[in-house]
Amino acid sequence: MSTFQDLNKTVEFLSAKYDDLLLQFWSINDKTQRCNQDIANIKKYLSDVNTCAVNAGIQAEELAQYLRRDCLEISGPKATNTCSAEAIVKSVVKAIGVAVLQNDISIAHPIPSYNRDAPPKIIVKFTQREVRNKFYSNRRKLAKKKVKDLPDLQLQSTDNIYVSESLTPYKKRLFASVNKPRKRMKWKYIWTNNARIYIKEGAKMQKMP
């Protein structure tokens, strides 16, 4: 009889322990589910924040490029104390034969660069988009000219002269990344129009986004 009672007590003890463990399990399971839900909510929040950040970055990039819409950059001639940026712009205007009045240009100044190997650049801001576009579309007339060929400046440099759109740092990096395979494929032309990048082999033309 005593053995049966001891066995019964043991079963009751184990049953009570099982009930305690079961309660602990359900409590832990409930906490785990709440934690999983919290993690899911945090992930969604971070995803929403990331989407907002990406959209804000895109809008900031578009705005930055939009603010440059009336600007062009001239590479090759270097502005100095004796040869101002304004004088260089006037000389380039004369070389390409476009009618540009003094009040058509808001400002012109050198662009600082930390790359010693980079050619000197001047940025020009126009007051009228139409004049800016005419200036840019006639840049091909500089194709075979050197800096020393610019009128009225008496410069000696044999560097080439380039006129390009003023691009944001991101667009410049994108342009450089497109230019590498263009050179590898030996396609002849690359340029931008309204900050869009174009490449051309000959008769074919591709527009980059």
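**Exercise 1. The core.** Identify which residues have the most contacts inside the largest nonpolar core, and which elements supply it.

*Solution.* Work on the predicted model. Start with the count: the largest nonpolar core has 24 residues. Those with the most contacts inside it are Ile 74, Val 89, Val 92, Ile 122, Val 124, Phe 135 and Val 163. Next, assign elements. Strand E1 (71-75), helix H2 (85-96), strand E3 (121-126) and helix H3 (129-137) each supply at least two residues of this core. H2 gives the largest share, six residues. Finally, look around Phe 135. Leaving out residues up to four places away in sequence, Phe 135 touches Leu 72, Ile 74, Val 92, Val 93, Ile 96, Val 98, Val 100, Phe 126 and Val 163.

**Exercise 2. The overall form.** Decide whether the chain is spread out or a compact globule.

*Solution.* List the elements: four helices and seven strands. Their order from the N terminus is α-β-α-β-β-α-β-α-β-β-β. Now compare radii. The globule rule gives 17 Å for 209 residues, but the radius of gyration is 34 Å, so the chain is more spread out than a compact globule. Then take the box: the C-alpha atoms fill roughly 125 × 40 × 30 Å along the principal axes. Buried residues make up 25% of the chain.

**Exercise 3. A surface patch.** Place Leu 22 and classify its exposure.

*Solution.* Locate Leu 22 in helix H1 (residues 2-66). Its relative accessible area is 32%. Partly exposed lies between the 20% and 50% cut-offs, so Leu 22 is partly exposed. Then add its partners. Leu 22 forms a nonpolar surface patch with Tyr 18, Phe 25 and Trp 26, with about 460 Å² of accessible area together.

Technical notes
Residues are numbered from 1 along each chain as its sequence is written. This is a predicted model: local features need pLDDT of at least 70, side-chain atom pairs count only at pLDDT 80 or more; totals for chains, interfaces and linings use all residues. Side-chain values use heavy atoms; hydrogens and water are left out. Patches are made of residues with over 30% relative accessible area and no salt bridge: like charges are joined within 9 Å, nonpolar side chains (Val, Leu, Ile, Met, Phe, Trp, Tyr) within 5 Å. Accessible areas come from the Shrake-Rupley method with a 1.4 Å probe; for residues, only the protein chains shown count as cover. A salt bridge is a side-chain nitrogen of Lys or Arg within 4 Å of a carboxyl oxygen of Asp or Glu. Buried means under 20% relative accessible area, exposed over 50%, partly exposed in between (1.4 Å probe, protein chains only). A nonpolar core is a set of buried Ala, Val, Leu, Ile, Met, Phe, Trp, Tyr and Cys residues joined through side-chain atoms within 4.5 Å. Contact means heavy atoms within 4.5 Å. The radius of gyration is taken over C-alpha atoms; the globule rule is 2.2 Å times the number of residues to the power 0.38.
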